[in-house]
Every structure is written in structure tokens, then in C-alpha cells.
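Please work through the exercises below with the sequence and the model open beside you. Each task is followed by a solution that goes step by step.

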Amino acid sequence: MSVAKSLPARAFGAVGLMAAAMVMVFFVAPEDADQGISQKIFYFHVPIALTAYACFGTGAWKALRLLWTREERYDLESYTAVHQGTIFGALTLITGSIWAKASWGIWWTWSSNQLVLFLVLFLFYCAYFMLRFSLEPGPRRARLSAVYAVFGVALIPVSFLAIRLANDFIHPTVFTRHGAQMTHTMFAAFCVSWAALLALAHVMYRIELLGKRIDANLRDLREALTAA
Amino acid sequence: MSTYAADVAALARKDLRLELRARDTLPAMLLFVLATLVVFHFALPAGTGHEPAYGLLWVALVFTALLGLGRAWVPERENAALDGLVLAPCDRSAIWLGKALATLTFLVAAEVVALPAFALFFAPLRGTALAGVALADIGICTVGSLVSAMAASSRTRELILPLLFLPLAIPLIVGGVGSSVSPHGGKYLLFLALYDGVFSILSWASFEYVVTE
Amino acid sequence: MLIRARDVEKRYGRAWALRAVSFEVDEGGCLLVTGPNGSGKTTLLRLVCGLAAPTGGVLEVGVDRAGLGFVGHEPLVYRDLTALENLELYGRLYRVPERRERTGMLLERFGLWDARNQRVSGYSRGMTQRLALCRALLHDPQLVVLDEPYTALDDEGAGVLDRELEMLAEERTLVVSTHDAGRIDALADTRLALA
């Protein structure tokens with residue numbers, strides 16, 4: 001249970017990092033000449049997207065471990081990671097939409113490859129949950145979820161390539177995202193923000209995992225008591 | 001290796017034989033794809049060129065394939081024949097490959113009717129388009145057979161198959177439409193080949209885990 | 001020892017199908033599993049075959065898939081194929097040597113030779129069950145696992161099965177489940193009663 005002990009420390013660390021990120025993004029990094037304050041969402045949108053990728057990658061890795069070792073705990077870990085990834089994926093879509101509205105006045109655009117990719121991934125991982133909920137708990141559900149999680153991670157680069165190729169014949173207009181290169185302070189703010197979000201994702205992952213494990217233990221205890 | 005090929009051939013032959021006798025899936029797929037093409041005629045507003053039609057062709061093909069994929073594992077579910085196959089000493093991936101080949105045969109058979117019909121109703125299909133259909137078919141049947149087996153284990157199998165399959169089919173649609181309309185059709189054919197390679201290997205390797213505990 | 005089970009458990013979600021099951025079967029032995037409906041007989045037999053994995057305990061079975069023959073509640077054959085086509089397919093998958101001869105011999109032994117070119121969908125339940133037995137014995141397995149094999153058999157079929165089981169009990173290892181212990185009791189040397 002050492003994870004549980006260090007959890008408060010990690011949570012405080014994550015909150016601290018988030019606070020630092022907020023400070024850097026809103027007070028330290030310079031405002032963008034063209035887009036003004038709305039450009040600030042870039043400091044959250046992109047790290048959120050990257051964090052989502054990290055979560056999906058973790059989910060697929062845990063899935064492979066499950067298939068390899070057959071140890072039950074990897075199922076819960078993989079599921080929780082995918083769950084976090086989906087939350088951050090949804091946030092990517094939301095922040096992306098807000099940014100599109102702020103930058104170009106429309107709530108959605110097909111020209112942002114990353115946004116479209118996340119839409120496809122969001123559909124894919126929602127199907128992951130539907131699959132999981134339609135199966136009885138047990139080794140079968142664990143295996144099928146694991147296989148699907150691995151497929152998801154393979155889908156990420158393939159879909160990205162597809163979306164880029166699709167641009168040729170779907171939407172010829174392309175909106176440019178950053179006019180200028182990132183200055184040092186901008187880059188620093190970006191990195192702090194990314195670190196903060198990764199820490200946040202990690203803490204959320206641990207909390208959810210702990211919660212689910214406690215749930216499972218409680219259920220087992222209850223059964224043992226009623227059976228005896 | 002030759003016993004693996006023989007296993008795959010025996011299993012694919014079994015599926016073809018079953019369909020020849022039952023005659024339910026293939027006629028349904030044929031009728032469905034034709035009906036869909038007619039619906040698309042009415043769905044396209046007047047004055048649209050024939051470019052959008054190529055996109056709709058791919059929608060028709062993917063949904064026709066879904067129809068076939070939904071039925072793919074039904075013979076194994078009846079009488080629990082899948083248990084019988086899983087118990088056999090052959091490689092489990094041979095079960096998947098045999099099924100994928102049989103499904104591919106049905107899909108191609110449906111397209112033999114659908115593609116000329118499309119050319120008749122809408123617009124001609126060039127060489128790269130046909131190559132795109134062939135490559136995408138492989139992707140559809142390899143991934144689709146695996147995903148269909150996953151859906152078959154679930155309580156809500158008819159509902160969940162499209163949900164699991166469609167996100168995976170999006171790259172195939174991009175490749176297919178691109179090979180039909182884009183001036184650089186070859187690029188899209190290469191992409192389809194890449195998809196086929198990656199996902200066929202993934203499906204081949206993971207089928208074992210889908211049918212065993 | 002061909003099969004060793006120690007504290008085997010199987011649960012599906014919250015429901016327990018098997019709990020703390022232990023037994024041993026020697027090579028050439030015969031295990032009779034009895035118990036009322038829902039006591040987990042089918043689950044246990046599926047675990048022995050490897051169609052399911054135990055969630056707890058240790059289960060060791062000393063044969064691989066090629067040495068195992070299984071008859072479950074379902075016949076595990078294709079209804080739209082003929083008996084001959086079904087056995088041909090399984091014969092190939094199990095790499096049965098002299099496939100045709102063995103198929104013919106088994107069909108005759110179980111009284112299905114005349115119906116061999118008929119589709120299984122036209123068979124009676126008893127005939128289907130007999131075909132399932134042919135399928136299970138086609139590859140001459142070392143370990144034969146039968147889940148309530150007498151269901152659906154008429155007197156003639158039951159008689160054939162009696163003789164088969166006697167022969168098998170001598171040469172092979174058997175695991176048979178039934179809720180009517182009477183017939184097989186004489187052959188069994190190990191008994192397991194599930195609650």
C-alpha cells in the first residue's frame with residue numbers, strides 16, 4: 001500500500017505544478033500578437049492531447065502485460081489508463097473547440113489534423129467502454145479489452161496518416177496555428193504546463209485505480225463474510 | 001507451414017460450403033449494396049458532380065461488409081462449434097485466417113455486382129480505384145473477422161460490431177476514396193497496403209487471445 | 001498422474017461456479033463427476049479441457065489438445081454439413097492418420113454409416129449425439145472428457161455408448177459427468193460429487 005501513502009504527496013505535487021503552470025501561462029508567457037488571450041489555451045490544449053496519448057500508450061502497455069502474464073491486476077490498470085486517456089481526449093476536443101472559436105470564430109474545424117484524430121480516437125475508445133460494459137467480468141472481458149486497447153494504439157499513427165492524406169481531397173484550406181516560433185518563455189510555460197498535466201493525469205490514475213481496488217476488495221470481503 | 005495452409009484452406013472451404021447451402025448472407029449483401037446505391041441516387045441533391053458519389057460508394061461497401069461480418073461467426077455460435085475448433089491442435093490464428101478468406105470471397109462476390117452497378121448509375125471507376133477496393137477489402141476482412149469474433153462474445157453483439165469496427169474502418173475509407181478521386185492515387189494505395197500490413201499482423205497475433213480464456 | 005486438481009475455483013464475475021475442488025486421476029483411470037444441475041459439472045469439465053481457465057487453485061492436465069477428446073452439452077458440429085464433411089474437417093484439423101478409414105469405422109460403430117451423406121440438421125438428437133461421440137474419438141485421444149453423454153440417447157444409442165465406455169475405460173483415461181451415476185458407476189475408480 002506504499003502507493004496509497006505517497007498519494008497525498010503526489011497529489012500536492014500535482015496541484016503545485018498546476019498552480020505553477022497557471023502562473024507561467026497567464027502571467028509570465030507573453031501574449032500572442034494576433035490572437036491575444038485566447039492563444040493561451042494552446043498551453044493547455046496541446047499538453048492535454050499529449051497526456052491523452054501517454055494514457056492510451058500506458059493502457060496499451062498494461063494490456064500487453066496482461067496478455068503476456070495473465071495477471072489479473074493489469075486488466076484494472078489498463079482500463080483505468082484508457083479511462084484517463086478518454087477523459088483527456090474529451091478535454092482535448094473541448095479545448096480545441098474553444099480555441100477554434102476564439103481563433104477563427106467557428107466551434108469546429110476539420111482542418112486541424114490533431115482535432116480530427118482525437119474525434120476518431122474518441123469514437124474508438126467509447127466503443128472500448130461499450131465493449132467492456134457488454135461483457136461479464138472475468139478473464140474473457142480482460143482479454144478482449146486488452147486486445148482492443150492494443151488496436152487503439154496502432155490506430156493512432158495510422159489514423160493520423162489517413163487524416164493527413166484526406167486533407168488532399170477533403171479540405172484544401174489550411175489554417176495556420178502558430179505564426180511565430182515559440183520564444184524561450186513560451187516554451188518554458190509549455191513545458192511546465194505539460195509536466196503539470198502529466199502529474200495530474202498520473203495522480204488521477206492512481207486515485208481511480210486505488211478506488212477501484214478498494215471497491216473490489218470490499219466486494220470480496222463481503223462475499224467471504226456472507227459465504228462463511 | 002503446409003499444414004497451416006491446409007488448415008486454413010479446410011476452414012475457408014467449410015465456410016464457403018456452408019454459405020452455398022444456407023444461401024442467406026451473400027444474397028442479402030448483394031441486395032443491400034444495390035439498394036444502398038439506389039438510395040444514394042436519391043440522397044444526392046441535383047447538380048452535384050460525380051465526385052461525392054465515390055465517397056458514397058465506400059460507405060456502401062463498408063456497410064455491406066458489416067452485414068457480412070455480422071453473420072461471419074454465426075455457424076460457429078450454433079452448436080458451439082467454435083469450442084470444437086479451439087480444442088483442435090491447429091493454430092488458433094488459422095481459424096481467423098480461414099474466416100477472413102471466406103468473408104473476403106463473399107465481399108468480392110458482392111462487389112462483382114456492386115462495382116459495375118456503381119459505374120452504371122454514377123461514374124466510371126479507374127484502375128487505381130479498383131486496386132483500392134481490392135486492398136481495402138483485405139483490411140476490412142482481416143480486422144473485421146477479428147472484431148466480429150470479439151462482438152460475438154458480447155451480450156449486444158449486433159449493436160456493438162459497427163461501433164467497434166467503424167473507427168478502424170475510417171483509414172480504409174480515406175485510402176479507398178483517395179485512390180478513386182485523387183490525382184496521386186498511388187499514394188493512397190500504398191497507405192492501404194500499410195494499413196493491411198499493420199492490422200493483419202495485429203489481428204493474426206491477437207486472435208488466439210480473443211477465443212481462449 | 002494425468003490430471004491433478006488442487007483447490008480449483010472458478011468464478012464468473014460475482015458468481016462462484018466451482019469452489020475448492022481437488023482430485024487426482026491416474027493414467028488409465030476413470031473419474032465420475034456427479035452432482036445436481038448447477039453444481040458446476042460442466043464448468044469443471046471445460047476447465048479440464050482448457051476451454052476455460054481456473055480463477056484459483058492449480059489444475060494440471062498431462063495431455064495437449066491433440067490427445068484430448070470432448071463431448072459437451074452441444075455437439076460441436078456444423079448443422080449444414082453432412083456427417084462425413086464434419087468428420088473430414090475435424091480429421092484434418094486433428095491430423096488424423098488414415099482419416100477416411102477411421103471416419104468410416106467410427107460411423108459404422110455408432111450406427112451412422114447409412115446417414116453419412118445426410119446433413120446433420122436432419123438428424124435426430126440421438127444421432128447428433130452419436131456423431132459428437134464420433135468426432136470426439138476420431139483422433140484416438142488419450143483423455144476422453146464426456147459431459148452428460150447419455151442425454152438425448154435412445155436405448156440403442158445408450159447401448160452403443162455403454163460398450164464404447166467399457167472399451168475406453170480399459171485403454172484410455174476418462175472423465176465423465178452425469179447426474180445418473182448408475183451406468184458408469186461400475187467403471188469409475190475415482191468419484192467426485194459436486195454440491
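**Exercise 1.** Determine what percentage of the residues in chain A is buried, and describe the exposed surface and the helices of this chain.

*Solution.* Buried residues, meaning those under 20% relative accessible area with a 1.4 Å probe and protein chains only, make up 46% of the 228 residues in chain A. This is a predicted model, in which local features need pLDDT of at least 70 and side-chain atom pairs count only at pLDDT 80 or more, while totals for chains, interfaces and linings use all residues. Residues are numbered from 1 along each chain as its sequence is written, chains are lettered from A and ligands numbered from 1 in the order in which they are written, and side-chain values use heavy atoms, with hydrogens and water left out.

Next, turn to the surface: chain A exposes about 11300 Å² (Shrake-Rupley method, 1.4 Å probe), and carbon and sulfur atoms supply 69% of that area. Finally, chain A contains six helices and zero strands (DSSP runs, H or I of at least four residues for helices and E of at least two for strands).

**Exercise 2.** Work out how α2(C) and α3(C) are oriented to each other, and which residues make their contact.

*Solution.* Begin with the geometry: helix α2 (residues 83–93) of chain C and helix α3 (residues 99–109) of chain C pack at about 135 degrees, with their axes 10 Å apart, where axes are lines fitted to C-alpha atoms over the stretch in contact and angles run from 0 to 180 degrees between N-to-C directions. Angles under 35 degrees count as roughly parallel, over 145 as roughly antiparallel, 65 to 115 as roughly perpendicular and the rest as oblique, and α2(C) and α3(C) are therefore oblique to each other.

Then list the contact, defined by heavy atoms within 4.5 Å: α2(C) contributes C:Ala83, C:Leu84, C:Leu87, C:Glu88, C:Gly91 and C:Arg92, and α3(C) contributes C:Arg99, C:Arg100, C:Thr103 and C:Leu107.

**Exercise 3.** Establish the orientation of α2(C) and α4(C), and the residues that meet between them.

*Solution.* The axes of α2(C) and helix α4 (residues 125–137) of chain C come within 10 Å and cross at roughly 25 degrees, so the two helices are roughly parallel to each other. On the α2(C) side, C:Ala83, C:Leu87 and C:Tyr90 meet C:Leu131, C:Cys134 and C:Arg135 of α4(C).

**Exercise 4.** Establish the orientation of α4(C) and α5(C).

*Solution.* α4(C) and helix α5 (residues 155–171) of chain C pack at about 20 degrees, with axes 11 Å apart, and are therefore roughly parallel to each other.

How values were computed:
Buried means under 20% relative accessible area, exposed over 50%, partly exposed in between (1.4 Å probe, protein chains only).
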